[in-house]
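Biologist: Please take me through the nonpolar interior of this one, up close, and then what lies around it. Keep it informal, but give me the cut-offs as you go.

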Amino acid sequence: MLSRIGLLANLGKPQVREAVHVCRRELLAHGLQPVLDESLASSLKMKGPMVPTEELGRHVDAVITLGGDGTFLSAARLVAAEGVPLLGINLGSLGFLAEVRLEEIPEAVASLAEGNYRLEKRKKVTATLHREGEEIFGVSALNDVVLNMGAMPRVLDMEVRVAGTSLGRYLADGLIVATPTGSTAYSLSAGGPIVDPSMDALLVTPICPHSLAVRPLLLDHNHPLEVEIHDCDEGVLSADGQVAHPVIYRDRIAFRRSHDPAY
């Protein structure tokens with residue numbers, strides 16, 4: 001039974017104040033307690049229960065995001081470890097993940113209060129960056145982890161291994177490792193297929209490969225994927241376009257399905 005509902009918002013959206021106000025009003029009207037992250041409460045000068053953003057998942061039963069798909073993706077990384085489900089309010093332009101429109105907030109909150117909803121379990125992907133035998137960076141993503149050439153317009157020379165077997169060298173602008181949820185994001189624009197989000201798989205899509213033989217791959221989630229950098233000036237490894245780390249020659253990146261799904 002839901003009781004405390006966290007609110008996370010993109011403060012750059014012009015309708016965010018109205019959306020937060022409507023959410024709080026509707027939650028209270030249905031006997032649910034809205035809990036704001038401290039930065040949101042401070043920016044909008046709102047009173048009431050609040051907690052630090054990084055601790056929100058430990059203090060609520062569900063989270064409502066107000067913004068766009070980027071806000072939803074950020075929240076998924078923030079609260080997935082606690083198994084807290086997400087409901088996205090779309091104040092942006094796309095809304096693949098944040099599907100509820102501003103005018104639909106009262107109906108959506110009523111459904112939450114009445115238990116009239118269905119949880120969807122979405123797989124995530126993790127990436128760990130190894131340099132000289134040490135793990136120096138780790139990240140998870142709901143949509144995708146992308147390896148690309150960064151600011152320098154030079155291709156990457158990468159060796160791709162699946163379950164320890166080398167698939168050869170990829171000469172390309174980069175590589176997208178996407179979840180089924182992320183198959184309709186960057187991977188689709190790069191020529192990857194649309195994958196049913198219920199599948200347990202990883203999608204590997206090269207970005208502008210310099211060979212007709214290098215095509216997208218759909219891998220079983222149990223098959224570990226590794227990429228070793230053979231030539232790279234200023235590469236970047238990024239998660240959902242929000243968290244990034246530089247990569248250099250001889251770095252090795254291991255990709256796995258995350259043990260913490262998003263709901």
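Modeller: What follows starts with the whole chain, goes into the interior and then moves out to some helices and loops.

First, some ground rules. This is a predicted model, numbered from 1 along each chain as its sequence is written, and local features need pLDDT of at least 70, while side-chain atom pairs count only at pLDDT 80 or more and totals for chains, interfaces and linings use all residues. Side-chain values use heavy atoms, with hydrogens and water left out.

Now the overall picture. The protein has five helices and 18 strands; these are DSSP runs numbered from the N terminus, with helices being H or I of at least four residues and strands E of at least two. Its radius of gyration is 20 Å, close to the 18 Å that the globule rule gives for 263 residues, so the protein is as compact as a globular protein of that length. That radius is taken over C-alpha atoms, and the rule is 2.2 Å times the number of residues to the power 0.38. Laid along its principal axes, the C-alpha trace spans about 60 × 35 × 30 Å.

How much of the chain is inside? Buried residues account for 49% of the 263, where buried is under 20% relative accessible area, exposed is over 50% and partly exposed is in between (1.4 Å probe, protein chains only). As for contacts (heavy atoms within 4.5 Å), take those between residues at least 6 apart in sequence: 63% of them join residues at least 24 apart.

On to the interior itself. A nonpolar core here is a set of buried Ala, Val, Leu, Ile, Met, Phe, Trp, Tyr and Cys residues joined through side-chain atoms within 4.5 Å. The largest one has 29 residues, and Leu-147, Met-158, Leu-237 and Phe-255 have the most contacts inside it. Strand β10, residues 156–162, gives the most to this core, with four residues. Apart from this core there is another, of 27 residues, with Val-20, Leu-32, Leu-36 and Leu-40 among them.

Back to Leu-237, then. Setting aside neighbours within four places in sequence, Leu-237 touches Ala-127, Leu-129, Phe-137, Val-145, Val-146, Leu-147, Val-243, Ala-244, His-245, Val-247, Ile-253 and Phe-255. Val-146 is also on the contact list of Tyr-186, which, with neighbours within four places left out, has Asp-144, Ile-176 and Ile-207 as well. Tyr-186 is in helix α5, residues 186–189, and counts as partly exposed, with a relative accessible area of 36%. Its C-alpha is 9.4 Å from that of Asp-240, a residue 54 places away along the chain.

For a longer reach from Leu-237, try Asp-69: the two are 168 residues apart in sequence and 20 Å apart in space, C-alpha to C-alpha. Asp-69 belongs to helix α3 and counts as buried, at 15% relative accessibility. The other buried residues of α3 (69–79) are Thr-71, Phe-72, Leu-73, Ala-75, Ala-76 and Val-79. Together, the buried residues of α3 pack against β1 (4–9), β4 and β5.

Strands β4 (62–67) and β5 (86–90) turn up again around α4, whose buried residues pack against them as well as against α1 (16–29) and β6 (100–101). Seven of the 10 residues of α4 (105–114) are buried, so this helix is largely enclosed by the rest of the structure. They are Ile-105, Ala-108, Val-109, Ala-110, Ser-111, Leu-112 and Ala-113. Just past the helix, Gly-115 takes a positive phi of about 75°. Over in helix α1 sits Ala-29, which counts as exposed at 63% relative accessibility. Ala-29 and Pro-106 are 77 residues apart in sequence, with 9.9 Å between their C-alpha atoms.

Two loops to finish. Glu-132, in the loop between β7 (125–131) and β8 (134–141), has a positive phi of about 55° despite not being a glycine. At 80% relative accessibility, Glu-132 counts as exposed. Cys-208, also not a glycine, has a positive phi of about 50°, and its loop runs between β13 (201–207) and β14 (217–220).
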